[in-house]
Structures are given as C-alpha cells and as structure tokens.
Amino acid sequence: MRRTENTAPTVPPNNVSGLDETALPEAERSRRFWDAQVRDRRYTSLDGPGMLLFDDRLVALRRGREETTIQYLLDDVLRKTSLRVLDAGCGTGRWSFWFARHGAQVTAIDFSQEMIDRCCERQQGLWESGESGTANLITFRQQNAWQVDDDGEFDLIFCGGVLQCLDDIHVSEFAQRASRALQPDGVVLTRDSVLCRRFDQDGDYPVHYRRAAEYESAFSANGLTKVQDVGAWIHPQFITKLPGWFPLSGRPLAFAVDVDGWLLTHAPLRWLLPLYQRLTGRGIGAVPDHRFFLYRRRSQDA
Ligand SMILES: C[S@@+](CC[C@H](N)C(=O)[O-])C[C@H]1O[C@@H](n2cnc3c(N)ncnc32)[C@H](O)[C@@H]1O
C-alpha cells in the first residue's frame, strides 16, 4: 500500500512570473533555492549542497559522524517500541529512511515539493526492491516546518539543517509548534551551523548562522529545555588526510562565511587563513560548527 500523501501546497506556487525575485519574502526565496537544488541535481545522493565541494571520503566521514552522534544522543529514544518521528525539513529523506529502518513510524515534511517528489521516488524504489516494510513506515508531505499542527503526535522531532534557513520569528514559531506536537516525554533533535558571532546572509540563499545560545533561548521560551549539545564539525586535521578535499573553485571551505573585518575562525583553522585569502582574495569571517541540540519537553506543570 502506498502511504505517500501529497497535501495541497502551504506555500505559493513556484512560477510567479514577472516578479522581482529579490523582492520576494525570505521564505519564498529559500524555498526556490531548495527546489533548484533538487531540480538542477546539485543536491544529490550526497545530501547537501556544500558537500559537492568535498571529496567523497570526507562526505562519508561526515555522514558517519552524524550517524554516530544521533545514535549516541537518541540511544534511549531509539529503543522505544512504536516510536513516532517527525522529520521536519526532510530534504531527500536521508534521515526519514534511516529512522524507518530503525522501525519508527515516520512523518516527513519539507516545504520544497521537489524534495518531496525526490523522497517519493526513493520510496517507490524501496517498494520495487522488496523493502516495502521500511517504505510503508513513511508518509511524506509538503509542509512548512513552522506550520506543523499534529498535536501530541510524536515521540521525536528531528530537524536537521533547517532552522538556519528560518528567520527568528519562524524559529520561535517552530519551537512552539514542535513543543505542542510532542508527547509529554518527547524530544526534539536539531542540527544547525552555529557560530560564536551571529551572521545573517540575504539573497538567493537566505541563511542565519546563529549562536548556540540564541537557539537555546528560543526553545526554552517555548517549553523545551536543552539537555545536551554536541558539535559535529570535522576538523581540518582530518580533512587534510584526505587528498582532493581542497577544490580550487574559489570556495575552498564550503562552510566558510565571509564577514569583512572579522576574524572569528575557530583556533585550529587559523593556519588556513593566509592560504584561503591568497587563493580567493577574500577573508574568512567564520567557520560554523555543525551542532546537534537535544531538547526535552518540559512538563506542563513545571
Ligand atoms: C540542509 S537541508 C537538510 C535536509 C535533511 N534534513 C538532512 O539533514 O539531510 C535543509 C532542508 O530544509 C528544507 N527547509 C528549509 N526551510 C524549510 C521550511 N520552512 N519548512 C520546511 N522545510 C524547510 C529545505 O527544503 C531542505 O530540504
């Protein structure tokens, strides 16, 4: 039985002609960016736009590290029988399928219809290859993360690489909706790039690299207490052991962000600065850490 459910779009259609794109609201520009990532096949099985800049072995290393981190943080949660998971901003479904393989019933949402279509193709592939057990556990639908309205439905809400795409108001809105969508003992696991000083990028790919404390307070104000956070940045000590990681594309570090006048780089990366500047003529402002945050829902009477 095919469980995929494509509900009516909750965001405007993609082909609004004659519009000045820079005048579009941030969320719409962001959605177009992610749609294009899939359409132009920039967002491939590597599951990340920046990942194409890296050597395959580095990608494997990062994925392995993320998996180990998630296993570690969700050790108790993953043991639960009849686990219900919401994968908010599922992308091409990497983690949705992973949770389903752990036996969870997964609802996976993304505001990009192209991402959802890609997930459905992958799900179809599972049915065809006889893995219907896993495929039947997942329902995909197009939806904005901050418009989740399934009250008390989930034991776990996973949100990987999504909050950095949202403005502050929508981060708070998401935290509030997530808190309501959880079972009383439910948890939220997020993964985002964080910096020691906030950096906001506008344009085609609007992104907000926040400080860890900003996420913690937005979640805390909405009934979710941080219980743990773990960094998953792969340090250059590892990277340089992998030949070919340093493409001369003008963006040697996919995660590097230019902030004129600021030198906020993590200490272990400082030695890379002169080389980076010579190659690109640009200064590195900061190198974000990929950080996981685990939040637990506070009891209503606490
Ligand atoms: C960096 S990708 C991460 C995908 C996946 N969670 C993973 O960890 O591999 C970010 C995803 O978030 C989605 N996204 C961004 N803003 C969103 C929003 N407001 N509502 C739902 N999805 C959103 C994008 O379409 C994209 O698929």
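The protein has 10 helices and 9 strands, and what you are looking at is a predicted model. Of its 302 residues, 33% are buried. Take the contacts between residues at least 6 apart in sequence: 75% of them join residues at least 24 apart.

**Around the ligand**

Let's start with the ligand. There are 20 residues around it, and those that come nearest are Trp-34, Gly-89, Gly-91, Gly-160 and Gly-161. By class, the shell splits into 10 nonpolar, 7 polar and 3 charged residues. Helices α1 and α4 (94-101) each put at least two residues into this shell, and α1 gives the most, with 3 residues.

**Helix α1 against helix α5**

Helix α1 also has a helix partner. Two packed helices are described by the angle between their axes and the distance between the axes. Here, the axes of α1 (residues 26-39) and α5 (residues 113-128) come within 7 Å and cross at roughly 35°. On the α1 side the contact is made by Trp-34, Asp-35, Val-38 and Arg-39, and on the α5 side by Glu-114, Met-115 and Arg-118. Sorted by class, that contact has 3 nonpolar, no polar and 4 charged residues. Trp-34, then, turns up in this helix contact as well as among the residues that come nearest the ligand.

Now for α5 itself. Its buried residues are Glu-114, Met-115, Ile-116, Arg-118, Cys-119 and Gln-123. They pack against α1, α4, β2, α6 (132-135) and β3 (138-142). How does the span of the helix work out? At 1.5 Å a residue, the 16 residues of α5 should span 22 Å, and the end C-alpha atoms are 22 Å apart, so the two values agree. Just after α5 comes Gly-130, with a positive phi of about 85°.

**Helices α7 and α8**

Helix α7 (residues 168-181) passes the same kind of check: its 14 residues should span 20 Å at 1.5 Å a residue, and its end C-alpha atoms are 20 Å apart, which agrees. Buried in α7 are Val-171, Phe-174, Ala-175, Arg-177, Ala-178 and Ala-181. The elements covering these residues include β1 (84-88), β4 (154-160), β5 (182-194), α8 and β8 (224-231).

Helix α8 (residues 212-220) has Tyr-215, Ala-218 and Phe-219 buried. Looking down the axis of α8, these buried residues fall within an arc of 95°, so they line one face of the helix.

**Three buried strand residues**

Next, a look at some residues in the strands. Val-106 sits in β2 (residues 105-110), Phe-154 in β4 and Tyr-295 in β9 (residues 289-297). A residue counts as buried when 20 or more other C-beta atoms lie within 10 Å of its own. Val-106 is therefore buried, with 27 such atoms, as is Phe-154, with 26, and Tyr-295, with 27. Each can be paired with a residue from another part of the chain, as the table shows.

| Residue | Partner | Separation in sequence | C-alpha to C-alpha distance |
|---|---|---|---|
| Val-106 | Leu-83 | 23 residues | 8.4 Å |
| Phe-154 | Val-85 | 69 residues | 5.6 Å |
| Tyr-295 | Val-227 | 68 residues | 5.5 Å |

Which residues surround them, leaving aside neighbours within four places in sequence? For Val-106, the contacts are Val-85, Asp-87, Ser-96, Phe-99, Ala-100, Leu-137 and Ile-138. Phe-154, counted the same way, is in contact with Arg-84, Val-85, Leu-86, Ala-181, Leu-182, Gln-183 and Gly-186. Val-85 is thus a contact of Val-106 and of Phe-154. Ala-181, one of the contacts of Phe-154, is also one of the buried residues of α7.

Tyr-295 touches Val-187, Val-188, Phe-219, Leu-224, Thr-225, Lys-226 and Val-227, not counting residues up to four places away in sequence. You have met Phe-219 already: it is one of the buried residues of α8.

**An exposed loop residue**

Finally, Ser-82, which is found in the loop between α3 (75-79) and β1. Is Ser-82 buried or exposed? It counts as exposed, because it has 8 C-beta neighbours inside 10 Å and the cut-off for exposed is 12 or fewer. Its backbone is worth a look too. Most residues other than glycine have a negative phi. The phi of Ser-82, however, is near 55°, a positive value in a residue other than glycine.

How values were computed
Residues numbered from 1 in each chain as written. Predicted model: local features only at pLDDT ≥ 70, side-chain atom pairs only at ≥ 80, totals over all residues. Axes fitted to C-alpha atoms, helices over the stretch in contact; angles between N-to-C directions. Helix = DSSP H or I, 4+ residues; strand = E, 2+ residues; numbered from the N terminus. Contact = placed C-beta atoms within 7 Å. Nonpolar A, V, L, I, M, F, W, Y, C, P; charged D, E, K, R; others polar. Near = placed C-beta within 6 Å. Arc of directions from axis to C-beta. Expected span 1.5 Å × (residues − 1).
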